[in-house]
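Thanks for coming. Please look at the structure on the screen while I talk through it.

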Amino acid sequence: MKDYQKVLLYAYPKLERMAEDIGQIVLAKARASVMGRETALACAEKLIRYNFLRGQILFLKDELDGMLSGFSREERVWLEYKYFRRKRELIAYADLRLSCSERTYFRRQQRLARAVNAELVRRGLTEEWFFEAFSGVSFFMSALESVRRAEGRMVDKRIRAGIPCAGRSGGDQSGCS
């Protein structure tokens, strides 16, 4: 999976709130424009850029919602676990067992990464689109830089979360495949 795709997945739980916040910024900026020091044209251009960004974020949210609805319940759990990190949603999937061998875990994540990659590209969410839409947004660029830096330093989140992990030599103790 490409780094920008990881950023999209990490950002997914925050997208709705980001769009709401941008909407509030637009309203506040429009109301304060009367007392502002910038020209009406400069203010209007900023409002247009904010609204365009809000539209891109809402578009991304809709596309990711559509993509996720096409995945199985188990695949959504694995994405939730690795990228979204929303404990409340993970609790809702308590009946699914996440404990499996480390090898099985990584194979499932690789298979899921290939499926996510294919679906994002199919939907037009390419690396070119990402940079065209979000290159000026510090949140996305900082997240991209963080993903790139952390690539070699990832620790198995299952261990930190206290989820049991079958040993390499012990085989698959939970029936995961």
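I will start with the whole chain, go on to two helix contacts, and end with the aromatic rings and a few single residues.

First, a caution: this is a predicted model. Everything I say about positions and distances should be heard with that in mind.

So, the overall picture. What does the chain contain in the way of helices and strands? There are 9 helices and 0 strands. Reading from the N terminus, the order of elements is α-α-α-α-α-α-α-α-α. The chain has 177 residues, and 36% of them are buried. If you take the contacts between residues at least 6 apart in sequence, 76% of them join residues at least 24 apart.

Start at the N-terminal end with helix H1, residues 3-11. H1 is mostly covered, with 8 of its 9 residues buried. Those buried residues are Tyr 4, Gln 5, Lys 6, Val 7, Leu 8, Leu 9, Tyr 10 and Ala 11. Please remember Tyr 4 and Val 7, as both names come back later.

Next, the first helix pair. Helix H2 covers residues 15-32 and helix H3 covers residues 40-69. Their axes come within 9 Å and cross at roughly 165°. How do H2 and H3 run, then, parallel or antiparallel? An angle over 145 degrees counts as roughly antiparallel, and H2 and H3 are therefore roughly antiparallel to each other. The crossing of H2 past H3 is left-handed.

Which residues make this contact? On the H2 side they are Leu 15, Glu 16, Met 18, Ala 19, Ile 22, Gly 23, Ile 25, Val 26, Lys 29 and Ala 30. On the H3 side they include Cys 43, Leu 47, Tyr 50, Arg 54, Ile 57 and Leu 64. By type, the residues of the H2 and H3 contact are 15 nonpolar, 2 polar and 5 charged. If you look along H2, keep the general rule in mind: an α-helix has 3.6 residues a turn, so residues three or four places apart point the same way.

One more residue on H2 is Asp 21. Its relative accessible area is 34%, so Asp 21 is partly exposed. The C-alpha atoms of Asp 21 and Arg 54 are 9.0 Å apart, while along the chain these two residues are separated by 33 residues.

The second helix pair is H4, residues 73-84, with H6, residues 102-122. Here the axes come within 11 Å and the crossing angle is roughly 100°. H4 and H6 are therefore roughly perpendicular to each other. H4 contributes Glu 74, Glu 75, Trp 78, Leu 79, Tyr 81 and Lys 82 to the contact, and H6 contributes Tyr 105, Arg 108, Gln 109, Leu 112 and Val 116. That divides into 6 nonpolar, 1 polar and 4 charged residues.

Take Gln 109 of H6 as an example. Is Gln 109 buried or exposed? With a relative accessible area of 5%, Gln 109 is buried. Leaving out residues up to four places away in sequence, Gln 109 touches Trp 78 and Lys 82.

Now the aromatic rings. How many aromatic pairs does a search of the whole structure find? The search finds 10. In one of them, the rings of Phe 130 and Phe 140 have centres 6.2 Å apart and planes at 80°, so the pair is edge-to-face. Phe 130 sits in helix H7, residues 127-134, and Phe 140 in helix H8, residues 138-150, so the pair ties together parts that are 10 residues apart in sequence. Phe 130 and Phe 140 are both buried.

Ring pairs also build a cluster, made of Tyr 4, Phe 59, Trp 129, Phe 130, Phe 131, Phe 134, Phe 139 and Phe 140. Tyr 4 is the residue I asked you to remember from H1.

Two residues remain. Gln 56 lies in helix H3 and, at 15% relative accessibility, counts as buried. Beyond residues up to four places away in sequence, Gln 56 touches Trp 129, Ala 133 and Phe 134. Of these, Trp 129 and Phe 134 belong to the ring cluster.

Last is Ser 142, in helix H8. At 43% relative accessibility, Ser 142 counts as partly exposed. The C-alpha atoms of Ser 142 and Val 7 are separated by 9.5 Å, although the two residues are 135 residues apart along the chain.

That is all I have; questions are welcome.

Conventions:
Residues are numbered from 1 along each chain as its sequence is written. This is a predicted model: local features need pLDDT of at least 70, side-chain atom pairs count only at pLDDT 80 or more; totals for chains, interfaces and linings use all residues. Side-chain values use heavy atoms; hydrogens and water are left out. Axes are lines fitted to C-alpha atoms, for helices over the stretch in contact, and angles run from 0 to 180 degrees between N-to-C directions. Helices (H or I, at least four residues) and strands (E, at least two) are DSSP runs, numbered from the N terminus. Angles under 35 degrees count as roughly parallel, over 145 as roughly antiparallel, 65 to 115 as roughly perpendicular and the rest as oblique. A crossing is left-handed if the near helix is turned anticlockwise from the far one by less than a right angle, and right-handed if clockwise. Contact means heavy atoms within 4.5 Å. Ala, Val, Leu, Ile, Met, Phe, Trp, Tyr, Cys and Pro count as nonpolar, Asp, Glu, Lys and Arg as charged, and the others, Gly among them, as polar. Rings of Phe, Tyr and Trp (its six-membered ring) pair if their centres lie within 6.5 Å; planes under 30 degrees apart count as stacked, over 60 as edge-to-face and the rest as tilted. Buried means under 20% relative accessible area, exposed over 50%, partly exposed in between (1.4 Å probe, protein chains only).
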